[in-house]
Amino acid sequence: MENAPVDSMAWRVKACSACHGDQGRASPEGYFPRLAGKPADYLFRQMLNFRDGRRSHTQMAYLLAPLTDDYLREMAEHFARREVPYPAPLRSQAAPAVLAQGQALVMHGDAARGLPACVACHGAVMTGALPAVPGLLGLSRDYLNSQLGAWRTGARHAQAPDCMAAIARKLSVQEVGAVSAWLAAQPVPQGGKPLAQLPGPAPMACAGMQAEHAAHQEGK
(Lines give C-alpha, C1' and ligand atoms only; values in the text may rest on other atoms or scores of the structure.)
Protein backbone atom coordinates (compact mmCIF):
# COMPACT_ATOMS: atom_id res chain seq x y z
CA MET A 1 0.00 0.00 0.00
CA GLU A 2 2.79 2.44 0.89
CA ASN A 3 4.31 2.07 -2.60
CA ALA A 4 1.05 2.10 -4.52
CA PRO A 5 1.25 4.15 -7.73
CA VAL A 6 -0.52 7.50 -7.49
CA ASP A 7 -4.08 7.26 -8.86
CA SER A 8 -4.20 3.47 -8.56
CA MET A 9 -7.16 2.04 -6.64
CA ALA A 10 -4.78 1.02 -3.83
CA TRP A 11 -3.73 4.67 -3.55
CA ARG A 12 -7.30 5.97 -3.72
CA VAL A 13 -8.56 3.78 -0.86
CA LYS A 14 -5.73 4.63 1.55
CA ALA A 15 -8.20 6.72 3.55
CA CYS A 16 -10.11 3.52 4.35
CA SER A 17 -7.15 2.29 6.41
CA ALA A 18 -7.81 4.95 9.06
CA CYS A 19 -10.74 2.86 10.30
CA HIS A 20 -10.45 -0.52 8.58
CA GLY A 21 -6.72 -1.02 9.07
CA ASP A 22 -3.84 -1.38 6.65
CA GLN A 23 -5.07 -3.07 3.44
CA GLY A 24 -8.49 -3.45 5.06
CA ARG A 25 -7.26 -6.13 7.46
CA ALA A 26 -8.75 -4.59 10.66
CA SER A 27 -7.98 -6.13 14.07
CA PRO A 28 -9.83 -8.27 16.62
CA GLU A 29 -9.96 -5.53 19.26
CA GLY A 30 -11.29 -2.72 17.04
CA TYR A 31 -14.86 -1.82 16.17
CA PHE A 32 -14.54 -1.51 12.40
CA PRO A 33 -14.85 -4.68 10.28
CA ARG A 34 -12.31 -6.28 8.01
CA LEU A 35 -12.68 -5.62 4.28
CA ALA A 36 -9.82 -7.71 2.87
CA GLY A 37 -10.90 -10.96 1.26
CA LYS A 38 -14.65 -10.48 1.73
CA PRO A 39 -16.84 -11.38 -1.27
CA ALA A 40 -16.90 -8.48 -3.71
CA ASP A 41 -20.68 -8.61 -4.09
CA TYR A 42 -21.08 -8.33 -0.33
CA LEU A 43 -18.75 -5.34 -0.07
CA PHE A 44 -20.44 -3.65 -3.01
CA ARG A 45 -23.88 -4.21 -1.49
CA GLN A 46 -22.83 -2.73 1.85
CA MET A 47 -21.38 0.37 0.23
CA LEU A 48 -24.66 0.82 -1.64
CA ASN A 49 -26.53 0.40 1.64
CA PHE A 50 -24.45 3.10 3.33
CA ARG A 51 -24.70 5.44 0.36
CA ASP A 52 -28.44 4.92 -0.11
CA GLY A 53 -29.43 5.04 3.58
CA ARG A 54 -30.19 1.43 4.45
CA ARG A 55 -27.23 1.43 6.83
CA SER A 56 -26.54 4.41 9.07
CA HIS A 57 -23.02 5.74 9.57
CA THR A 58 -22.40 9.45 9.06
CA GLN A 59 -18.81 9.21 7.86
CA MET A 60 -19.45 6.29 5.50
CA ALA A 61 -22.50 8.00 3.99
CA TYR A 62 -20.50 11.21 3.48
CA LEU A 63 -17.56 9.44 1.85
CA LEU A 64 -19.68 7.32 -0.47
CA ALA A 65 -22.37 9.87 -1.43
CA PRO A 66 -20.60 11.18 -4.56
CA LEU A 67 -19.42 7.79 -5.83
CA THR A 68 -21.06 5.93 -8.71
CA ASP A 69 -22.10 2.29 -8.69
CA ASP A 70 -19.24 1.43 -11.04
CA TYR A 71 -16.67 3.09 -8.78
CA LEU A 72 -18.04 1.30 -5.72
CA ARG A 73 -17.79 -1.98 -7.61
CA GLU A 74 -14.12 -1.27 -8.37
CA MET A 75 -13.47 -0.57 -4.70
CA ALA A 76 -15.23 -3.77 -3.66
CA GLU A 77 -13.25 -5.87 -6.11
CA HIS A 78 -10.00 -4.28 -4.94
CA PHE A 79 -10.59 -5.26 -1.31
CA ALA A 80 -11.98 -8.68 -2.24
CA ARG A 81 -8.64 -9.50 -3.92
CA ARG A 82 -6.59 -8.60 -0.85
CA GLU A 83 -5.03 -11.65 0.83
CA VAL A 84 -3.59 -10.69 4.20
CA PRO A 85 -3.36 -12.86 7.33
CA TYR A 86 -5.97 -12.77 10.05
CA PRO A 87 -4.70 -12.01 13.57
CA ALA A 88 -5.43 -14.47 16.36
CA PRO A 89 -8.73 -13.83 18.15
CA LEU A 90 -8.78 -12.24 21.58
CA ARG A 91 -9.50 -14.55 24.49
CA SER A 92 -13.15 -14.22 25.47
CA GLN A 93 -14.06 -12.85 28.87
CA ALA A 94 -17.57 -14.34 28.65
CA ALA A 95 -18.68 -17.09 31.01
CA PRO A 96 -18.55 -20.68 29.68
CA ALA A 97 -22.35 -20.93 29.79
CA VAL A 98 -22.66 -17.83 27.62
CA LEU A 99 -20.17 -19.18 25.09
CA ALA A 100 -21.99 -22.53 25.01
CA GLN A 101 -25.27 -20.77 24.31
CA GLY A 102 -23.69 -18.77 21.52
CA GLN A 103 -22.12 -21.86 19.96
CA ALA A 104 -25.43 -23.74 20.03
CA LEU A 105 -27.25 -20.93 18.25
CA VAL A 106 -24.51 -20.51 15.65
CA MET A 107 -24.22 -24.21 14.89
CA HIS A 108 -27.80 -25.40 15.36
CA GLY A 109 -30.17 -22.43 15.60
CA ASP A 110 -33.53 -23.09 17.28
CA ALA A 111 -36.03 -24.96 15.12
CA ALA A 112 -38.85 -24.38 17.61
CA ARG A 113 -38.61 -20.63 16.93
CA GLY A 114 -37.91 -20.91 13.23
CA LEU A 115 -34.37 -19.68 13.88
CA PRO A 116 -31.85 -21.10 11.38
CA ALA A 117 -28.27 -21.86 12.33
CA CYS A 118 -25.72 -19.25 11.27
CA VAL A 119 -23.74 -21.98 9.47
CA ALA A 120 -26.71 -22.68 7.19
CA CYS A 121 -25.97 -19.47 5.29
CA HIS A 122 -22.44 -18.47 6.29
CA GLY A 123 -20.90 -21.91 5.72
CA ALA A 124 -19.85 -24.75 8.00
CA VAL A 125 -16.60 -22.99 8.91
CA MET A 126 -18.29 -19.54 8.81
CA THR A 127 -15.99 -17.98 6.20
CA GLY A 128 -18.93 -17.03 3.99
CA ALA A 129 -19.69 -18.02 0.41
CA LEU A 130 -19.65 -16.50 -3.03
CA PRO A 131 -21.18 -14.44 -4.47
CA ALA A 132 -22.34 -12.31 -1.53
CA VAL A 133 -22.35 -14.04 1.87
CA PRO A 134 -19.77 -12.64 4.32
CA GLY A 135 -17.72 -14.60 6.84
CA LEU A 136 -18.57 -14.18 10.51
CA LEU A 137 -15.10 -14.79 11.93
CA GLY A 138 -12.25 -12.34 12.39
CA LEU A 139 -14.69 -9.66 13.62
CA SER A 140 -14.68 -8.04 17.03
CA ARG A 141 -17.32 -8.78 19.63
CA ASP A 142 -18.34 -5.12 19.71
CA TYR A 143 -18.88 -5.01 15.96
CA LEU A 144 -20.87 -8.25 15.86
CA ASN A 145 -22.95 -7.19 18.86
CA SER A 146 -23.73 -3.79 17.37
CA GLN A 147 -24.73 -5.12 13.96
CA LEU A 148 -26.99 -7.87 15.29
CA GLY A 149 -28.49 -5.30 17.64
CA ALA A 150 -29.03 -2.86 14.77
CA TRP A 151 -30.89 -5.46 12.75
CA ARG A 152 -32.89 -6.43 15.83
CA THR A 153 -34.03 -2.85 16.45
CA GLY A 154 -34.49 -1.88 12.82
CA ALA A 155 -31.55 0.54 12.71
CA ARG A 156 -29.90 -1.52 9.96
CA HIS A 157 -31.68 -2.58 6.79
CA ALA A 158 -30.86 -4.54 3.67
CA GLN A 159 -32.62 -5.11 0.38
CA ALA A 160 -35.82 -7.13 0.67
CA PRO A 161 -36.23 -9.88 1.64
CA ASP A 162 -34.08 -8.89 4.63
CA CYS A 163 -33.44 -12.28 6.23
CA MET A 164 -30.97 -10.97 8.82
CA ALA A 165 -33.55 -8.56 10.20
CA ALA A 166 -36.05 -11.42 10.51
CA ILE A 167 -33.46 -13.61 12.26
CA ALA A 168 -32.16 -10.92 14.62
CA ARG A 169 -35.67 -10.04 15.80
CA LYS A 170 -36.04 -13.60 17.09
CA LEU A 171 -32.95 -13.24 19.31
CA SER A 172 -33.02 -11.84 22.81
CA VAL A 173 -30.46 -9.26 23.90
CA GLN A 174 -28.71 -11.99 25.90
CA GLU A 175 -28.60 -14.30 22.86
CA VAL A 176 -27.14 -11.55 20.69
CA GLY A 177 -24.38 -11.11 23.25
CA ALA A 178 -23.75 -14.86 23.45
CA VAL A 179 -23.52 -15.29 19.66
CA SER A 180 -21.19 -12.29 19.37
CA ALA A 181 -18.94 -13.49 22.18
CA TRP A 182 -18.56 -17.00 20.75
CA LEU A 183 -17.95 -15.89 17.16
CA ALA A 184 -15.36 -13.31 18.18
CA ALA A 185 -13.39 -15.94 20.09
CA GLN A 186 -12.99 -18.33 17.13
CA PRO A 187 -9.84 -18.58 14.98
CA VAL A 188 -10.25 -18.09 11.23
CA PRO A 189 -9.68 -21.31 9.23
CA GLN A 190 -8.37 -21.71 5.65
CA GLY A 191 -7.21 -18.10 5.43
CA GLY A 192 -10.78 -16.88 5.74
CA LYS A 193 -11.50 -17.65 2.08
CA PRO A 194 -15.22 -17.83 1.26
CA LEU A 195 -16.65 -21.03 -0.18
CA ALA A 196 -17.26 -21.14 -3.93
CA GLN A 197 -20.90 -21.81 -3.07
CA LEU A 198 -22.97 -23.16 -0.21
CA PRO A 199 -23.56 -26.93 -0.32
CA GLY A 200 -27.33 -26.61 -0.01
CA PRO A 201 -30.25 -24.20 -0.37
CA ALA A 202 -30.67 -21.29 2.05
CA PRO A 203 -33.18 -21.92 4.87
CA MET A 204 -35.13 -18.75 4.03
CA ALA A 205 -35.46 -16.16 1.27
CA CYS A 206 -32.69 -13.58 1.50
CA ALA A 207 -31.52 -10.83 -0.84
CA GLY A 208 -28.06 -11.20 0.68
CA MET A 209 -27.72 -14.62 -0.93
CA GLN A 210 -28.25 -13.25 -4.43
CA ALA A 211 -25.87 -11.69 -6.92
CA GLU A 212 -25.45 -7.97 -6.34
CA HIS A 213 -26.99 -6.79 -9.59
CA ALA A 214 -30.30 -8.48 -8.87
CA ALA A 215 -30.39 -7.15 -5.34
CA HIS A 216 -29.47 -3.66 -6.50
CA GLN A 217 -32.43 -3.65 -8.87
CA GLU A 218 -34.71 -4.63 -5.97
CA GLY A 219 -33.32 -1.87 -3.81
CA LYS A 220 -33.94 0.91 -6.33
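For the linings below, Ala, Val, Leu, Ile, Met, Phe, Trp, Tyr, Cys and Pro count as nonpolar, Asp, Glu, Lys and Arg as charged, and the others, Gly among them, as polar. The structure is a predicted model, in which local features need pLDDT of at least 70 and side-chain atom pairs count only at pLDDT 80 or more, while totals for chains, interfaces and linings use all residues. Residues are numbered from 1 along each chain as its sequence is written, and side-chain values use heavy atoms, with hydrogens and water left out.

**Exercise 1. State the volume of the largest cavity, list its lining and divide the lining by class.**

Step 1. On a 1 Å grid over the protein atoms alone, a cavity is a set of points where a 1.4 Å probe fits but cannot get out, and a pocket is an open set with protein on both sides within 12 Å along at least five of seven lines; lining residues have an atom within 4 Å of a point. Grid points are joined across faces, edges and corners, and a volume is the space filled by probe spheres set on the points.

Step 2. One cavity of 30 Å³ or more is present. The volume of the largest cavity is about 30 Å³.

Step 3. Its lining consists of A36, G37, K38, P39, Y86, T127, G135, G192 and P194.

Step 4. By class, four of these residues are nonpolar, four polar and one charged.

**Exercise 2. Describe the second largest pocket by volume, lining and contributing helices.**

Step 1. The second largest pocket holds about 260 Å³ of space. It is lined by 21 residues, of which P28, L90, S140, R141 and A184 are the closest to its centre.

Step 2. Helices here are DSSP runs (H or I, at least four residues) and strands likewise (E, at least two), numbered from the N terminus. At least two lining residues of this pocket come from each of α8 (141–153) and α10 (173–184).

Step 3. The lining comprises eleven nonpolar, six polar and four charged residues.

**Exercise 3. Locate three salt bridges and give the accessibility of each partner.**

Step 1. A salt bridge is a side-chain nitrogen of Lys or Arg within 4 Å of a carboxyl oxygen of Asp or Glu. Eight are present in the structure. For accessibility, buried means under 20% relative accessible area, exposed over 50%, and partly exposed in between (1.4 Å probe, protein chains only).

Step 2. K193 pairs with E83, with the closest N and O atoms 2.9 Å apart. K193 is in the loop between α10 and α11 (212–219) and E83 in the loop between α5 (69–80) and α6 (96–108), so the pair ties together parts 110 residues apart in sequence. K193 is partly exposed at 43%, whereas E83 is exposed at 65%.

Step 3. In the salt bridge of R113 with E175, the closest N and O atoms are 2.7 Å apart. This pair links distant parts of the chain, with R113 in the loop between α6 and α7 (119–122) and E175 in helix α10, 62 residues apart. R113 is partly exposed at 31%, and E175 is buried at 11%.

Step 4. Salt bridges with shared partners join R51, D52, R54 and D69 into one network. Within this network, the closest N and O atoms of D52 and R51 are 2.9 Å apart. D52 is partly exposed at 38%, as is R51 at 22%.

**Exercise 4. Find what R156 contacts, given that it is buried yet has no salt bridge.**

Step 1. R156 sits in the loop between α8 and α9 (163–168).

Step 2. Lys and Arg count as positive and Asp and Glu as negative; His and the chain ends are not counted. The nearest side chain of opposite charge to R156 is D162, 7.2 Å away.

Step 3. A polar contact is a pair of N or O atoms within 3.5 Å; within protein, one must be able to donate a hydrogen and the other to accept it, and residues adjacent in sequence count only if both atoms are side-chain atoms. The side chain of R156 makes such a contact with that of Q147, at 2.8 Å.

**Exercise 5. Identify backbone exceptions in the form of cis peptide bonds and positive phi values.**

Step 1. Most residues other than glycine have a negative phi, and most peptide bonds are trans.

Step 2. The bond joining L130 and P131 is cis, with omega about 10 degrees; P131 is in the loop between α7 and α8. A160 and P161 are also joined by a cis bond, with omega near -5 degrees, and P161 is in the loop between α8 and α9.

Step 3. Q23 has a positive phi near 60 degrees. Q23 lies in the loop between α2 (17–20) and α3 (40–52) and is buried at 14%. Its side chain makes a polar contact with the side chain of D22, at 3.4 Å.

Step 4. Q190 has a positive phi near 45 degrees. Q190 lies in the loop between α10 and α11 and is partly exposed at 46%.
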